[in-house]
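Visitor: Please take me close in on one part of this structure. I would like to look at the empty space inside and at the helices around that space.

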Amino acid sequence: MRILLKLLQAIFYSTNALLIPYMPLLLKSHGFSPLETGSLLALGPFIAIFAQPLAGMISDKIGAIRPILIVLWTFMGLSALLLFTTGVQSVAAVAVVALYVFFLPAVSLLDALMVKSAEQLNETYSSLRLWGSVGFMLTLIIVGGQFDAWGGVHALLWIFAPIWIGVLVIFLIMREPTAQSASGAGSETRLSRTMLRSALLNPSLFVFLGLIFLIAVPHRMNDTLLSLHMEHLGANASQISWAWAVAGASEVIGFYVMAKMIRGDRLKQLLGLTALLYAIRWGLYVFITEPWAIVALQITHMFTYVAIWAGSIEYISTALPKQIVATGQALLSMVFIGLGGLAGGSIGGAIQEHMGESAMYAMGVVCCAVAWLGFLVWNRRSTVEAKLQEA
């Protein structure tokens with residue numbers, strides 16, 4: 001079971017190795033402008049905002065994740081097939097939106113499955129998730145070296161097909177932990193309105209998600225537009241692939257370290273420090289314009305994305321009842337990927353088109369600096385409240 005889960009992570013996140021660096025280039029080949037590209041890559045996550053919590057609640061209601069994953073993955077594959085084969089711009093626009101609408105809920109549900117499985121196997125989420133980064137990195141290295149030789153964006157269908165089939169096969173043959181074995185709560189593991197209402201009305205959850213949103217906006221902006229940014233700097237397809245491969249390699253190291261050191265009692269300090277590191281990272285992107293230097297800077301991914309995502313997963317798993325783990329992960333993905341993707345893609349695309357990449361990354365510095373200050377204030381207030389309760 002442990003090996004199968006690691007293999008699933010590796011193959012599943014290989015999908016991102018195609019979608020993140022090459023989707024903007026594919027849309028450009030369809031004739032979309034940077035603003036249109038950013039808006040389209042934000043529209044799918046925006047609509048997924050509504051699909052993610054719905055998928056999470058259905059999963060918690062039936063007490064199973066795997067059946068929902070199979071349905072989502074099937075429709076995601078059909079959308080990808082349409083996108084990669086059509087020559088009509090309007091059809092491509094609909095297909096790319098549909099792809100993300102089905103793909104993003106699958107990401108949050110897979111995270112929920114990993115949290116359940118890690119508990120049963122006496123593992124950590126990070127120790128399983130790092131294999132997703134291994135798959136992401138290896139796919140980028142392999143594809144990046146042969147991308148142009150294989151036909152560029154026109155070969156994406158044949159590159160994507162074996163990845164999609166591999167994930168579907170694992171979904172069909174794997175067994176997920178039962179609600180009873182994962183939480184020991186028996187029938188109480190089913191989602192209830194009281195449980196959901198209590199979780200969603202928690203003020204700390206709103207503060208946390210608000211600060212995460214500020215960090216997500218420039219992060220998702222970079223995910224969406226880095227390939228175009230590097231292309232404007234004169235980078236070729238190989239350099240773009242290496243940029244994401246370096247990010248993937250740094251994730252492997254980052255998740256390995258986080259699996260050893262993450263502590264629930266210092267999550268707010270960790271998240272605050274990460275916001276500051278994000279601000280520094282985007283500040284460097286403002287001034288550095290050499291493609292290979294950008295590739296090297298991608299190693300900062302391990303200090304920023306890995307820390308914020310692993311820390312956020314841990315916070316959600318401790319702040320919300322285990323009985324609504326899928327709903328909790330869906331809320332996090334809804335904010336980080338959905339709302340963050342909408343704001344980052346559309347705002348970042350507009351700034352890139354009208355003011356340039358430097359202004360785009362400067363906006364990221366401001367967002368993350370505000371988030372850093374927010375975490376400082378929140379942590380200080382929590383500390384004071386804890387001392388008052390002890391007194």
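**The cavity and its helices**

Guide: The count of cavities of 30 Å³ or more comes to one. Keep in mind that this is a predicted model. The volume of the largest cavity is about 420 Å³. Its lining is made of 24 residues. Nearest the centre of the largest cavity lie N16, I20, R220, D223 and Y305. Find those five residues in the view before going further.

Now look at which helices build the lining. Seven elements each supply at least two residues: α2, α5 (89-121), α6 (125-150), α10, α11, α14 and α15 (325-354). The helix that gives the most to the lining of the largest cavity is α5, with five residues. Sort the lining by class next. The largest cavity has 15 nonpolar, four polar and five charged lining residues.

Let us follow α2, one of the helices of that lining. Helix α2 covers residues 14-29 and packs with helix α1, residues 2-12. The angle between α1 and α2 is about 15°, and their axes are 3 Å apart. That angle makes α1 roughly parallel to α2. On the α1 side, the contact is made by A10, I11 and F12. On the α2 side, S14, T15 and N16 take part. N16 is also one of the residues nearest the centre of the largest cavity. The contact of α1 with α2 has three nonpolar and three polar residues, and no charged ones.

Helix α2 has another partner, helix α4, residues 66-85. The axes of α2 and α4 come within 14 Å and cross at roughly 30°. The crossing of α2 past α4 is left-handed. From α2, the residues T15, L19, M23 and L26 meet W73, M76, L83 and F84 of α4. By class, this contact has seven nonpolar residues, one polar residue and no charged residues. T15 is worth a second look: T15 touches α4, and T15 is also in the contact with α1.

Next comes α10, another helix of the cavity lining. Helix α10 runs over residues 203-232 and packs with helix α12, residues 267-287. The angle is about 30°, with the axes 11 Å apart. The two helices, α10 and α12, are therefore roughly parallel to each other. The crossing of α10 past α12 is left-handed. From α10, the contact uses F208, I215, P218, H219, N222 and L226. From α12, the contact uses L271, A275, Y278, R281, W282 and Y285. The contact of α10 with α12 divides into nine nonpolar, two polar and one charged.

Helix α12 leads on to a second space. The second largest pocket has a volume of about 200 Å³. Three elements give two or more residues to the lining of this pocket: α11 (237-261), α12 and α14 (301-319). The most comes from α11, with five residues. The lining includes I253, G254, V257, L270, L273, M302 and F303. By class, the lining of the second largest pocket has ten nonpolar, two polar and no charged residues.

Two helices join the two spaces in this tour. Both α11 and α14 supply at least two residues to the lining of the largest cavity. Both also give two or more residues to the lining of the second largest pocket. Turn the view from one space to the other and pick out α11 and α14 each time.

Conventions. Residues numbered from 1 in each chain as written. Predicted model: local features only at pLDDT ≥ 70, side-chain atom pairs only at ≥ 80, totals over all residues. Heavy atoms only, no water. Axes fitted to C-alpha atoms, helices over the stretch in contact; angles between N-to-C directions. Helix = DSSP H or I, 4+ residues; strand = E, 2+ residues; numbered from the N terminus. Parallel < 35°, antiparallel > 145°, perpendicular 65-115°, else oblique. Left-handed = near helix turned anticlockwise from the far one by under 90°. Contact = heavy atoms within 4.5 Å. Nonpolar A, V, L, I, M, F, W, Y, C, P; charged D, E, K, R; others polar. 1 Å grid on protein atoms, 1.4 Å probe; cavity = no way out; pocket = protein on both sides within 12 Å on 5 of 7 lines; lining within 4 Å. Points joined across faces, edges and corners; volume = space filled by probe spheres on them.
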